[in-house]
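Please open the model in your viewer and keep the selection panel at hand. The stops below go from one selection to the next, with a note on what is there at each.

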Amino acid sequence: PQGWQAKAQDNICGLSNTRQVTRPARIDYKKVLRSTPEMKDLARRGIDPRSAEGQILRQRAVDRVRRASSVVMRKNRHCSIWKRISHRDGRAVADRTSEVIASLEAAQ
């Protein structure tokens, strides 16, 4: 049985096959997504997330989070970043939420 356990849809960037994962990290995806300029704009202007403009802004926010996560992943030499991932033996997974948020803020 494989050691790393995660769902494919929880992969943000990097390796998505858990059999190949060696040094993953995780982030609080909702917190990071809320800190993007697009999601702040969506909330500030009261745009319906299901509207066309809301969907466009959310997709731009998702892309921004993916790019920022990729930068943090390479900087810290992780193989991938996930929303949720665990290991059967209970080993700790680095949480890079604050670094990704800092990377988003630096890019603004």
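Begin by selecting the cysteines of this predicted model, in which the number of disulfides is 0. Why does Cys13 form no bond with Cys79? The sulfur of Cys13 lies 9.8 Å from that of Cys79, its closest cysteine sulfur, which is too far for a bond, given that a disulfide needs two sulfur atoms within 2.5 Å. Seen from the other end, Cys79 is likewise in no disulfide, with the sulfur of Cys13 as the nearest one, 9.8 Å away. Colouring by accessibility will show Cys13 as buried, with a relative accessible area of 7%, and Cys79 as buried too, with a value of 14%.

Next, select residues 52–75, which make up helix α3. This helix has 24 residues and reaches 35 Å from its first C-alpha to its last, close to the 34 Å expected at 1.5 Å a residue. Within α3, the buried residues are Gly54, Leu57, Ala61, Val62, Val65, Ala68, Ser69, Ser70, Val72 and Met73. To see what covers these buried residues, add to the display β2 (11–14), α1 (29–34), α2 (37–44), β4 (80–82) and α4, which are included in that cover. Before leaving the helix, step just past its end to Arg77, where the backbone takes a positive phi of about 60 degrees.

Now add helix α4, residues 97–107, and turn the view until both helices can be followed; α3 and α4 pack at an angle of about 120 degrees, and their axes are 9 Å apart. The crossing in which α3 passes α4 is right-handed. Show side chains at the contact, where Arg64, Ala68, Ser69, Val71, Val72 and Lys75 of α3 meet Glu99, Val100, Ser103 and Leu104 of α4. Sorted by class, this contact has 5 nonpolar, 2 polar and 3 charged residues.

For the last stop, centre on Val100, which is found in α4. Is Val100 buried or exposed? Val100 is buried, with a relative accessible area of 0%. Setting aside neighbours within four places in sequence, the residues in contact with Val100 are Ile27, Val32, Ala68, Ser69 and Val72; of these, Ala68, Ser69 and Val72 appear among the α3 residues that meet α4. A distance label drawn from Val100 to Arg58, C-alpha to C-alpha, should read 17 Å, for two residues that are 42 residues apart in sequence.

Key
Residues numbered from 1 in each chain as written. Predicted model: local features only at pLDDT ≥ 70, side-chain atom pairs only at ≥ 80, totals over all residues. Heavy atoms only, no water. Axes fitted to C-alpha atoms, helices over the stretch in contact; angles between N-to-C directions. Helix = DSSP H or I, 4+ residues; strand = E, 2+ residues; numbered from the N terminus. Left-handed = near helix turned anticlockwise from the far one by under 90°. Contact = heavy atoms within 4.5 Å. Nonpolar A, V, L, I, M, F, W, Y, C, P; charged D, E, K, R; others polar. Expected span 1.5 Å × (residues − 1). Buried < 20%, exposed > 50% of the residue type's maximum accessible area, 1.4 Å probe, protein only.
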